[in-house]
Amino acid sequence: MFGIGGGELIFIIFIALMLFGSDKIPDVARTMGKAMAQFKNATNEIKSEIQKGVEANGIDTSMKELTSTFSDEVEKVKTNLDINILPEVTKAKEDIEDLTGPIKRQR
């Protein structure tokens, strides 16, 4: 949990008890819970506003087009390698093996 071990957690609880007292700890915890919930809601609102702005300006669509174009180009290069270059590499390997004998891999 956040890189905090058991000993550190007990020490933090002990310090909180000393600072606030046992009667104030539930109120402090409740207040912190409400603050965290408000922070989460505010973060979600900001995310949704950014998403709406992106969709309104068409940025999301252009990114999808860009990535699909990039993917198409990568596929073309792969196909070119498989069709044109791989047979040449295989032939060169066979020629080398004919001259030197089979290649043995060392472990």
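**Helices, salt bridges and a pocket**

Biologist: Is D27 buried, exposed or partly exposed?
Modeller: The model is a predicted one. D27 has a relative accessible area of 38%. Buried would need under 20% and exposed over 50%, so D27 counts as partly exposed.

Biologist: Which residue forms a salt bridge with D27?
Modeller: The partner lies three residues from D27 in helix α2, which means about one helical turn separates the two. That partner is itself partly exposed, at 48% relative accessibility. The closest N and O atoms are 3.0 Å apart, and the residue is R30.

Biologist: Which residue meets E49 in a salt bridge?
Modeller: The N to O distance is 3.9 Å, and a salt bridge needs the atoms within 4 Å. The partner is again three residues away in helix α2, about one helical turn. With a relative accessible area of 51%, the partner is exposed. The residue is K52.

Biologist: In which helix are E75 and K78?
Modeller: The side chains of E75 and K78 meet in a salt bridge at 3.8 Å, N to O. Both are partly exposed, E75 at 44% and K78 at 45%. Residues three or four places apart in an α-helix point the same way, because there are 3.6 residues a turn. E75 and K78 are three residues apart, in helix α3.

Biologist: What pattern does the chain follow along the sequence?
Modeller: The chain has three helices and zero strands. G21, with a positive phi near 85°, follows α1, and G58, with a positive phi of about 75°, comes just after α2. The pattern is α-α-α.

Biologist: How far does helix α2 reach from its first C-alpha to its last?
Modeller: Helix α2 covers residues 25-57, which makes 33 residues. At 1.5 Å a residue, the reach is close to the expected span. The value is 48 Å.

Biologist: Which helix supplies the largest share of the lining of the largest pocket?
Modeller: The lining consists of I12, I13, A16, F20, I25, V28, A29, M32 and G33, around about 200 Å³ of space. α1 and α2 each supply at least two of these residues. The largest share is five residues, from α2.

Biologist: What is the area of the nonpolar surface patch that includes I12?
Modeller: I12 lies in helix α1, residues 6-20. A patch residue needs over 30% relative accessible area, and I12 is partly exposed at 46%, so I12 clears that cut-off. Other members include L9, F11 and F14, and the patch is about 1100 Å².

Note on methods. Residues numbered from 1 in each chain as written. Predicted model: local features only at pLDDT ≥ 70, side-chain atom pairs only at ≥ 80, totals over all residues. Heavy atoms only, no water. Patch = residues over 30% accessible without salt bridge, like charges linked within 9 Å, V, L, I, M, F, W, Y side chains within 5 Å. Areas by Shrake-Rupley, 256 points an atom, 1.4 Å probe, with all protein chains shown as cover. Helix = DSSP H or I, 4+ residues; strand = E, 2+ residues; numbered from the N terminus. Buried < 20%, exposed > 50% of the residue type's maximum accessible area, 1.4 Å probe, protein only. Expected span 1.5 Å × (residues − 1). 1 Å grid on protein atoms, 1.4 Å probe; cavity = no way out; pocket = protein on both sides within 12 Å on 5 of 7 lines; lining within 4 Å. Points joined across faces, edges and corners; volume = space filled by probe spheres on them.
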